[in-house]
Amino acid sequence: METSIKTNQKNIAAFIHLSVFTQFIFPLGNFIAPLLIWLALKRDSLFIDNHGRRALNFQMSMFIYAIALILIAIPFLVWQGLVASGEMGYISEETFENLVFPGQASGLIITVFVFGILLLALFIITLFSVISAAVSASNGEAYKYPLCINFLKTLKVSDQETPSDSSPEV
């Protein structure tokens, strides 16, 4: 096992975590940038490998949570839109004018507000978690993301053994 973690490895691990902010520059940057860095440098050390896995696991988890929230919100929004329109048919120009009155559109407004707050909370959790992970990595510490599903299991020293080392003795 690595007894000490080099400064270069700490910086690379921190950079993997911070590279998820490339999502603000190009679509899916939060997956592509950490994945490319991790794939290129994961063989350098177990520390870099585990931080890369954790960063990707967290991004995949947050993506799944965001999609789930949106998919849950859609039926509520459609239902509230139909109820606010006062008819279960098409929404006409007169129906749109009725949506201006808060009494008829209050359910729709509340639904949008609740799901908007949930998505904002997910975004804030992501920001704070990524920054905390980068700080932990730069200090040479492991970081466990909150709400993270482990798609890519982190490795231990015993997991890196070759098959000939772990074969049962007869």
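**Aromatic pairs and nonpolar cores in a predicted five-helix chain**

Let me start with the rings: the count comes to six aromatic pairs in this model, where rings of Phe, Tyr and Trp (its six-membered ring) pair if their centres lie within 6.5 Å, planes under 30 degrees apart counting as stacked, over 60 as edge-to-face and the rest as tilted. The pair of Phe-24 and Phe-123 is edge-to-face, because the ring centres are 6.2 Å apart and the planes stand at 80°. This pair links distant parts of the chain, with Phe-24 in the loop between H1 and H2 and Phe-123 in helix H5, 99 residues apart. Phe-24 is exposed at a relative accessible area of 52%, while Phe-123 is partly exposed at 35%; here buried means under 20% relative accessible area, exposed over 50%, and partly exposed in between, with a 1.4 Å probe and protein chains only.

A second edge-to-face pair is formed by Phe-31 and Phe-63, at 5.6 Å centre to centre and with 90° between the planes. This pair, too, links distant parts of the chain, since Phe-31 belongs to helix H2 and Phe-63 to helix H3, 32 residues apart. Phe-31 counts as buried, at 18% relative accessibility, whereas Phe-63, at 44%, counts as partly exposed. Ring pairs also link Phe-21, Phe-24 and Phe-123 into a cluster.

Before going on, I should say what sort of model this is. It is a predicted model, in which local features need pLDDT of at least 70 and side-chain atom pairs count only at pLDDT 80 or more, while totals for chains, interfaces and linings use all residues. Residues are numbered from 1 along each chain as its sequence is written, and side-chain values use heavy atoms, with hydrogens and water left out.

How far does the predictor trust the chain, in terms of average pLDDT? The average is 84, and 77% of the residues score at least 70, pLDDT being the predictor's confidence in each residue, from 0 to 100. Over residues 161-170, however, the pLDDT is below 50, and this stretch has one contact in the model beyond near neighbours in sequence, a contact meaning heavy atoms within 4.5 Å. Where pLDDT is low, the predicted coordinates should not be read in detail.

As for the overall layout, the protein chain has five helices and zero strands, with helices (H or I, at least four residues) and strands (E, at least two) taken as DSSP runs and numbered from the N terminus. Buried residues make up 31% of the 170 residues, and among contacts between residues at least 6 apart in sequence, 70% join residues at least 24 apart.

Which residues touch the most other members of the largest nonpolar core? In that core of 18 residues they are Ile-12, Ile-16, Phe-58, Val-130 and Tyr-145, a nonpolar core being a set of buried Ala, Val, Leu, Ile, Met, Phe, Trp, Tyr and Cys residues joined through side-chain atoms within 4.5 Å. Helix H1 (7-18), helix H2 (29-41), helix H3 (46-85) and H5 each supply at least two residues of this core, and the largest share, seven residues, comes from H3. Apart from this core lies another, of five residues, among them Ala-13, Phe-47, Ala-134 and Ala-137.

Ile-16 itself touches Pro-34, Ile-37, Trp-38, Ile-48, His-51, Gly-52 and Ala-55, not counting residues up to four places away in sequence. Of these partners, Pro-34, Ile-37 and Trp-38 are among the buried residues of H2. Over the ring of Trp-38 sits the charged end of Lys-42, 4.6 Å from the ring centre; the rule asks for NZ of Lys or CZ of Arg within 6 Å of the ring centre and within 35 degrees of the ring normal.

On H5, Ser-129, which lies in residues 102-138, counts as buried at 4% relative accessibility. With residues up to four places away in sequence left out, Ser-129 touches Phe-58, Tyr-143, Tyr-145 and Pro-146.

Finally, two backbone details. Leu-28, found in the loop between H1 and H2, has a phi near 60°, a positive value in a residue other than glycine. Leu-147, in the segment after H5, likewise has a positive phi, of about 55°, although it is not a glycine, and at 48% relative accessibility Leu-147 counts as partly exposed.
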